[in-house]
Amino acid sequence: MNDERRQDAAARVILSLLAEPGDADIGALVTTYGAPKAVDIIRTGTHPPDVPQRTWTAATARWAPRLGVLDGHDQRERARRADARLVIPGDDEWPDAVDDLGVHAPLLLWVRGDATLLSSAQSVALVGARAATGYGEHVAGEFADALARGGASVVSGGAYGIDGAAHRAALGAGGVTIAVMAGGVDRPYPAGHAHLLAQIARTGVVASELPLGVTPSRWRFLSRNRVIAAMTDATVVVEAGWRSGSLNTAGHAASLGRPLGAVPGPITSPASMGCHRLMREFDAACVTTPEEVRELAGWLDEAATPERGADGDAGSSTNRLIDALSVRAARDVDELARRTGQPRDEVQATVGLLMLEGAVFAVDGGYVLANVPEGRG
């Protein structure tokens, strides 16, 4: 890295300590003057002629409490201890797609793991509720498994529920997954996912625009969501309540013109109300299979992913359930769980997916196959 790049990186670190992520006034200064000059302007209190007085007064008041405690050396030491590296715009590893955020784009990214994976040829965000149901976690896992096996990066936020299910399935498939955090990459959050995040860092990426050592907060989760939406080819909300934070990610995707999808659920389930709201109010596409996610992202002309129901790991649970169902005799979830040797929640979730596809329908006493799938007696 030459001296100019070092100065740019050091200035961006200072600016990231000074302002919260997505600060438009910081972004505008960096766009106009560059990061080193922006630091000088702020430290000297020089009023840029192109910034309205009212805007400048409000911005400097916002930054003032942190001006005296900026310590880029501390960040370098924390990075060394956490085995984290800095990536800035212009680096080969920088995900150019986030620049679509304009003045709200990240100033930098701290990264644990393989930074080259930040610019994957194919990437999709799978997001949703922390308080996910068995159905939601099953769908997230099935989608992530198939997409990862097909070579796509699965991006999410490292949280409990849908995020965790997506990350774990992608790891289990031997694929790439990226966790975008709402705090420093050296502060695993939630603490219960410390082991999962360490696994992700070994084979994928844990990334954040927040300074090292910073703890998450509600507004940081919301600002983090814009990065998830910007760096991916499409965003799919798997399960979400009426006011779920994942709807914020969906809003960012929509505002950026990124494809947006939502997975339908039972109309009686509060956990799916947000998804139904996205389809009704935000024109989100209804997605029910990994292939539909690929279609949403515009990847259909590229290598196909394993199909649900095909031979192999991606469809083995579905195959077993289809084999256990009958076109005549109704069988309830408990009986299907006994016949397939699968957990009851997993059977219930798979039945729900097959019903959405029209392959299974409910009758008194349980479920029956709508028809005999091709190739089965």
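**Figure 1. Pro190 lies in the loop between strand S5 (177–180) and helix H8 (194–203), and the peptide bond that leads into Pro190 from Tyr189 is cis.** This is a predicted model, in which local features need pLDDT of at least 70 and side-chain atom pairs count only at pLDDT 80 or more, while totals for chains, interfaces and linings use all residues. Residues are numbered from 1 along each chain as its sequence is written, and side-chain values use heavy atoms, with hydrogens and water left out. Helices (H or I, at least four residues) and strands (E, at least two) are DSSP runs, numbered from the N terminus. Omega of the bond from Tyr189 to Pro190 is near 0°. Across from Pro190 the view includes Tyr160, which is 30 residues away in sequence, with 7.5 Å between the two C-alpha atoms.

**Figure 2. Tyr160, in the loop between strand S4 (153–156) and helix H7 (162–172), is in contact with Pro190.** With a relative accessible area of 42%, Tyr160 is partly exposed; on this scale (1.4 Å probe, protein chains only) buried means under 20%, exposed over 50%, and partly exposed in between. When neighbours within four places in sequence are set aside, the contacts of Tyr160 (heavy atoms within 4.5 Å) are Ala129, Arg130, Pro190, Gly192 and His193. The side chain of Tyr160 also reaches the backbone nitrogen of Gly192, at 3.4 Å. Such a polar contact is a pair of N or O atoms within 3.5 Å, of which, within protein, one must be able to donate a hydrogen and the other to accept it, and residues adjacent in sequence count only if both atoms are side-chain atoms.

**Figure 3. The largest pocket holds about 350 Å³ of space and has 19 lining residues.** Arg130, Asn225, Ser244, Gly245 and Ser246 are the lining residues nearest the centre of the pocket. Two or more residues each come from strand S3 (123–128), helix H9 (218–230) and helix H10 (246–255), and H9 gives the most, with six residues. The lining is made up of seven nonpolar, seven polar and five charged residues, where Ala, Val, Leu, Ile, Met, Phe, Trp, Tyr, Cys and Pro count as nonpolar, Asp, Glu, Lys and Arg as charged, and the others, Gly among them, as polar. On a 1 Å grid over the protein atoms alone, a pocket is an open set of points with protein on both sides within 12 Å along at least five of seven lines, a cavity is a set where a 1.4 Å probe fits but cannot get out, and lining residues have an atom within 4 Å of a point. Grid points are joined across faces, edges and corners, and a volume is the space filled by probe spheres set on the points.

**Figure 4. The largest cavity has a volume of about 130 Å³ and is lined by 18 residues.** Among its lining residues, Glu20, Pro21, Gly22, Leu107 and Glu209 lie nearest the centre, and helix H1 (3–18) and helix H2 (24–33) are the elements that give two or more residues to the lining. Eleven of the lining residues are nonpolar, four are polar and three are charged. A search of the whole structure finds three cavities of 30 Å³ or more.

**Figure 5. Helix H2 has Ile26, Gly27, Leu29 and Val30 as its buried residues.** Seen down the axis of H2, these residues fall within an arc of 160°, so they line one face of the helix; the arc is that of the directions from the helix axis to the C-beta atoms. The buried residues of H2 pack against H1, helix H3 (35–44) and helix H4 (53–67). At the start of H2, a side-chain oxygen of Asp23 comes to within 2.9 Å of the backbone nitrogen of Asp25, and H2 is followed by Gly34, which has a positive phi near 90°.

**Figure 6. Helix H14 (333–340) is followed by a loop that holds Gln342 and leads to helix H15 (344–356).** The buried residues of H14 are Val333, Leu336, Ala337 and Thr340. They cover an arc of only 105° around the axis, which puts them on the same side of H14. A side-chain oxygen of Asp332 lies within 3.3 Å of the backbone nitrogen of Asp334 at the start of H14, and just after the helix Gly341 has a positive phi of about 70°. Gln342 is buried, with a relative accessible area of 7%, and, neighbours within four places in sequence left aside, Gln342 is in contact with Ser317, Arg320, Ala337 and Val347.

**Figure 7. Asp83 has a positive phi, and Asp283 has a positive phi as well.** Most residues other than glycine have a negative phi. Asp83, with phi near 55°, sits in the loop between helix H5 (72–82) and strand S1 (85–87) and is exposed, with a relative accessible area of 66%. Asp283, with phi near 60°, is found in the loop between helix H11 (273–281) and strand S9 (285–286) and is exposed, with a relative accessible area of 69%.
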